[in-house]
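Visitor: Hey, could you pull up the model and talk me through it? I'd like to start with how some of the helices pack.

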Amino acid sequence: MAEVILDRVTTASGTPNIAFIKYWGKRDYTGLNMPNNSSISMTLDETLSTKTSVVFSDKLKRDELYINGNEEAIVGDKIPEKSVYLKRILDQMRGLAKVKQNALIVSENNFPSSAGIASSASGAATLIVALSKALDLNKSPKDMSILARQISGSACRSLFGGIVKWNKGTEEDGSDSYSEQVFDDTYWPELIDIIAIVDPSKKKVSSSIGHAATVKTSVLYKARPAFAENGVKEIEKAIREKDLDLLSKTIMKDSNNMHATMLDTWPPIIYLTDASRDIIYGIHELNETEGECVAAYTFDAGPNAHIITLEKHREKVMDMLSDMVGVRRTIESHLGKGPRILKGNVSLINEKTLAPKITSTLS
Ligand code: PMV
């Protein structure tokens, strides 16, 4: 039986992940977020991190959610899709713990949400870790990945540190669609992700709409699941052998393949901009000069580039980026350890008043 202590705040932190082989396209539209192919990613370190505090209390009249200082709808008529899924998972976890009290959830990113970096993965993963601890559910990271997946698919990979694989699974209920760590964060310390921000604005087509539209209308997409599944095996091999050339080629080909299916969607979805294309050409030129692939670009549902390389090639990549007018700023991250429960005076909730503490100075 769970030992939930009401009115006591639990705080967790977690980080985003960047997929080397991407998840694009679901095999269900009931909110279970079951993918058509497995994917594999690098969990980032705490250079970019989310902190989330939760508390359950009789004093709360309704569930409340604050993200970066703003209250977000969690119940109501016109709720953003992610809040619907969040409510379902919150109710499910409350049910397991036999808790009826409302929850206050306060979450903040240490990076500006306007940076154009997907924060939903670290947000959802961190929330599940905080809820699981607060409700004393003793969930394994694997089970937590299944829960996080249902809030935001790619979030399930942020439950672990290092290199993480999300098995697509085949069960109708999604019970075998979970993530697992393939290599820990110490396996390849030289590996870095240089994020080149070219456009900080919000994406034009949400990923939820994009997933569905591509599966429905793209002819090219039919070849994607098998291609991606093979890509996951190549990435595992490349990392096991620390083969940067193979790793880079496989990462770039997968990003290009996913964006090709997006362009082939009707009406087309185009996330890449001229600045993204400049980076693509820049990386190919660099690799050509080096005589092998020493860096890879990869793009999620947006124009900002993640450049995967090793420490020893960092300067060359930075030189290339510094010549580009479209690159506004860069952020660097190594392999991270995954989410954790925070101790000490770190809470984002005032335990006496049950009000969110405003600590964020970010916009
Ligand atoms: O997790 P979602 O539904 O936001 O989908 C995002 C998928 C990509 O970021 C484009 C790729 C990935 O695997 O992270």
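Guide: Sure. H7 passes H8 in a right-handed crossing. Bear in mind that this is a predicted model.

Visitor: At what angle do the axes of H7 and H8 cross?

Guide: Roughly 140°, and the axes of H7 and H8 (residues 314-322) come within 10 Å. That angle makes H7 oblique to H8, because only angles over 145 degrees count as roughly antiparallel.

Visitor: And which residues in H7 and H8 meet?

Guide: On the H7 side you have Ile 279, Gly 282, Ile 283, Leu 286 and Glu 290, and they meet Lys 316, Val 317, Met 320 and Leu 321 of H8. Sorted by class, the H7 contact with H8 has 6 nonpolar, 1 polar and 2 charged residues.

Visitor: OK, what about H5 and H6, how do they cross?

Guide: H5 covers residues 224-240 and H6 covers residues 244-263; their axes cross at roughly 160° and come within 9 Å. H5 and H6 are therefore roughly antiparallel to each other.

Visitor: Left-handed or right-handed, that crossing of H5 and H6?

Guide: Left-handed for H5 and H6. From H5, the contact includes Arg 224, Phe 227, Ala 228 and Glu 234, and from H6 it includes Leu 246, Leu 247, Lys 253 and Asp 254. The class count for H5 with H6 is 9 nonpolar, 4 polar and 5 charged residues.

Visitor: How many charged residues does the contact of H2 with H3 have?

Guide: Let me set up the pair before the count. H2 (residues 120-134) and H3 (residues 141-149) pack at about 125°, with their axes 9 Å apart. H2 and H3 are therefore oblique to each other, and H2 passes H3 in a right-handed crossing. Ala 124, Ala 125, Ile 128, Val 129 and Ser 132 of H2 make the contact with Met 144, Leu 147 and Ala 148 of H3. As for your question, there are no charged residues in the contact of H2 with H3, just 7 nonpolar and 1 polar.

Visitor: Switching topic: what surrounds the ligand?

Guide: The residues around the ligand are Ala 19, Lys 22, Tyr 23, Trp 24, Ser 152, Gly 153, Ser 154, Arg 157, Ser 207, His 211, Asp 300 and Ala 301.

Visitor: How far is a polar side-chain atom of Arg 157 from an oxygen atom of the ligand?

Guide: For Arg 157, the distance is 2.8 Å. Ser 207 has a side-chain N or O atom 2.8 Å from a ligand oxygen. For His 211, a side-chain N or O atom is 3.1 Å from an oxygen atom of the ligand.

Visitor: Let's do backbone oddities. Which residues does a cis peptide bond join?

Guide: Trp 266 and Pro 267, with omega at about -10°. Pro 267 sits in the loop between H6 and H7 (274-290).

Visitor: And what's the phi of Asn 33?

Guide: Positive, about 50°, although Asn 33 is not a glycine. You'll find Asn 33 in the loop between strand S2 (17-21) and strand S3 (39-43).

Visitor: Why flag those two spots?

Guide: Because most residues other than glycine have a negative phi, and most peptide bonds are trans.

Conventions. Residues numbered from 1 in each chain as written. Predicted model: local features only at pLDDT ≥ 70, side-chain atom pairs only at ≥ 80, totals over all residues. Heavy atoms only, no water. Axes fitted to C-alpha atoms, helices over the stretch in contact; angles between N-to-C directions. Helix = DSSP H or I, 4+ residues; strand = E, 2+ residues; numbered from the N terminus. Parallel < 35°, antiparallel > 145°, perpendicular 65-115°, else oblique. Left-handed = near helix turned anticlockwise from the far one by under 90°. Contact = heavy atoms within 4.5 Å. Nonpolar A, V, L, I, M, F, W, Y, C, P; charged D, E, K, R; others polar. Near = heavy atom within 4 Å. Polar contact = N/O pair within 3.5 Å; in protein donor to acceptor, adjacent residues only side chain to side chain.
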